[in-house]
Amino acid sequence: MRLVTYSPAFTLVPTYECFNRCSYCNFRTDPKQDLWLTLDKAREILTSLQGKEVTEILILSGEVHPQSNRRKDWLKRIYDIAHLALSMGFFPHSNVGPLSYEEMALLKTVNASMGLMVEQVNPSLLDTVHRFAPSKVPQLRLQQLEWAGMLQIPFTTGILLGIGESSFDRMESIRAIALIQEKYGHIQEVILQPYSKGSKDSYLQNNFNNLDLLETINNAKKILPNNITVQIPPNLIQDEKVLIQCLELGVRDLGGIVPKDEVNPNYSHDNLTDLKNTLLNHGWILKPRLPVYPQYYQETFSRLKILCN
Ligand SMILES: O=c1nc2n(C[C@H](O)[C@H](O)[C@H](O)CO)c3cc(O)ccc3cc-2c(=O)[nH]1
Ligand SMILES: C[C@H]1O[C@@H](n2cnc3c(N)ncnc32)[C@H](O)[C@@H]1O
Ligand code: SF4
């Protein structure tokens, strides 16, 4: 039998407020329009998850401007939530937007792994979907991948598909990731994430179809080294046949399977048993994994142990 993995996860959102306005976003609220997640509330949620199969706490956040006087408090809240999750026996994975080198180094101490999507490297998207999203400057995002490499943080990245990029753009974005991997080797997985229209976003023209997705997977498998796992989110692939084709082409991970996909709240995950059975019918065994991959266990566990005692 062939194996495909997923991470039993739960998402905590420190804040939905974000100073960026990506056209495809269904997540954000305007700055100061959201009450931040308190530590008490986080503790209450985490307590209710103990003893269940959840191992990963995905910390996904909207962003406070780097120059804002509220930035320090924002970072501290993320740190405290991750620290709490860790002390309660979970593995935190933070994806909170671009960080300064010091901020990243600090969050490393309380995270098993971290992540940031490249989105796409073609700067022309700064005139369209990213016009009001300074955090999405391609060079800034690639620099984040470099810094994570210098800090040796087990890392998840990926590209967002169907936001107005060409097929060539997709290959360039994947090539940029492969080049950084050659230097540092810290990238565990690359997510190929199809933009999915929600009830709030303002991005309309999406011509990206299933064939484009399969072509992208094919190219990604050719471009990326074997030590990177290709991930797709199963809740964003509506057609079961297409999901199986993705696996046939080399996708080996289905990411965090969560009760609520905070980024795409209009697309819930199948019941895990149903998903397992569907895959089994096609000869695939779905197996849980941690947010940090086996090749990083030793380094990660010794790094985090200190904090749990
Ligand atoms: O449920 C989700 N999980 C997302 N995850 C989590 C992912 O599915 C895995 O849980 C983690 O990569 C760790 O295993 C992301 C992680 C990143 O580092 C970067 C981007 C994403 C994006 C999503 C997402 O849109 N929805
Ligand atoms: C956390 C990640 O979620 C992705 N993201 C944001 N909005 C959407 C959407 N409507 N559909 C799919 N992915 C999205 C971006 O790639 C971001 O980096
Ligand atoms: S996708 Fe992330 S950066 Fe863009 S508006 Fe939404 S929360 Fe902010």
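# Exercises on helix packing and ligand shells

Helix H1 (residues 39-49) packs with helix H2 (residues 71-87) at an angle of about 30°, and their axes are 10 Å apart. The model is predicted: local features need pLDDT of at least 70, side-chain atom pairs count only at pLDDT 80 or more, and totals for chains, interfaces and linings use all residues. Residues are numbered from 1 along each chain as its sequence is written, and chains are lettered from A and ligands numbered from 1 in the order in which they are written.

**Exercise 1.** Describe the packing of H1 with H2 and classify the residues of their contact.

*Step 1, orientation.* H1 and H2 are roughly parallel to each other, therefore (angles under 35 degrees count as such, on a scale of 0 to 180 degrees between N-to-C directions). Helices here are DSSP runs of H or I with at least four residues, strands E runs of at least two.

*Step 2, handedness.* The crossing in which H1 passes H2 is right-handed (the near helix is turned clockwise from the far one by less than a right angle).

*Step 3, contact.* H1 contributes Leu39, Ala42, Arg43 and Leu46, and H2 contributes Asp80, Ile81, Leu84 and Ala85 (C-beta atoms, placed from the backbone, within 7 Å).

*Step 4, classes.* This contact of H1 with H2 divides into 6 nonpolar, no polar and 2 charged residues (Ala, Val, Leu, Ile, Met, Phe, Trp, Tyr, Cys and Pro are nonpolar, Asp, Glu, Lys and Arg charged, the others, Gly among them, polar).

**Exercise 2.** Characterise the packing of helix H5 with H6 and with H4.

*Step 1, H5 with H6.* Helix H5 (residues 167-184) and helix H6 (residues 210-223) have axes 10 Å apart and an angle of about 30°. This makes H5 roughly parallel to H6. The crossing of H5 past H6 is right-handed.

*Step 2, residues.* From H5, Ser167, Arg170, Met171, Ile174, Arg175 and Ala178 meet Glu215, Thr216, Asn219, Ala220 and Ile223 of H6. The contact of H5 with H6 has 5 nonpolar, 3 polar and 3 charged residues.

*Step 3, H4 with H5.* Helix H4 (residues 138-150) packs with H5 at about 20°, again with axes 10 Å apart. H4 is thereby roughly parallel to H5, and it passes H5 in a right-handed crossing.

*Step 4, residues.* Leu142, Leu145, Glu146 and Gly149 of H4 meet Ala176, Ile180, Lys183 and Tyr184 of H5. By class, the contact of H4 with H5 has 5 nonpolar, 1 polar and 2 charged residues.

**Exercise 3.** Which residues surround ligand 3, and which come nearest to ligand 1 and ligand 2?

*Step 1, ligand 1.* Among the 17 residues around ligand 1, Gly115, Thr156, Gly255, Gly256 and Val263 come nearest (a residue counts as near if its C-beta atom, placed from the backbone, lies within 6 Å). Strands E1 (2-12), E2 (56-60), E3 (91-95) and E8 (253-257) each supply at least two residues of this shell. Its classes are 8 nonpolar, 7 polar and 2 charged.

*Step 2, ligand 2.* Of 14 residues around ligand 2, the nearest are Tyr24, Met117, Leu160, Ser196 and Val263. The shell around ligand 2 divides into 6 nonpolar, 6 polar and 2 charged.

*Step 3, ligand 3.* Around ligand 3 are Cys18, Asn20, Arg21, Cys22, Cys25, Phe27, Arg28, Gly62, Glu63, Gly97, Ala133 and Ser135. By class, the shell around ligand 3 has 5 nonpolar, 4 polar and 3 charged residues.

Terms used
Parallel < 35°, antiparallel > 145°, perpendicular 65-115°, else oblique. Contact = placed C-beta atoms within 7 Å.
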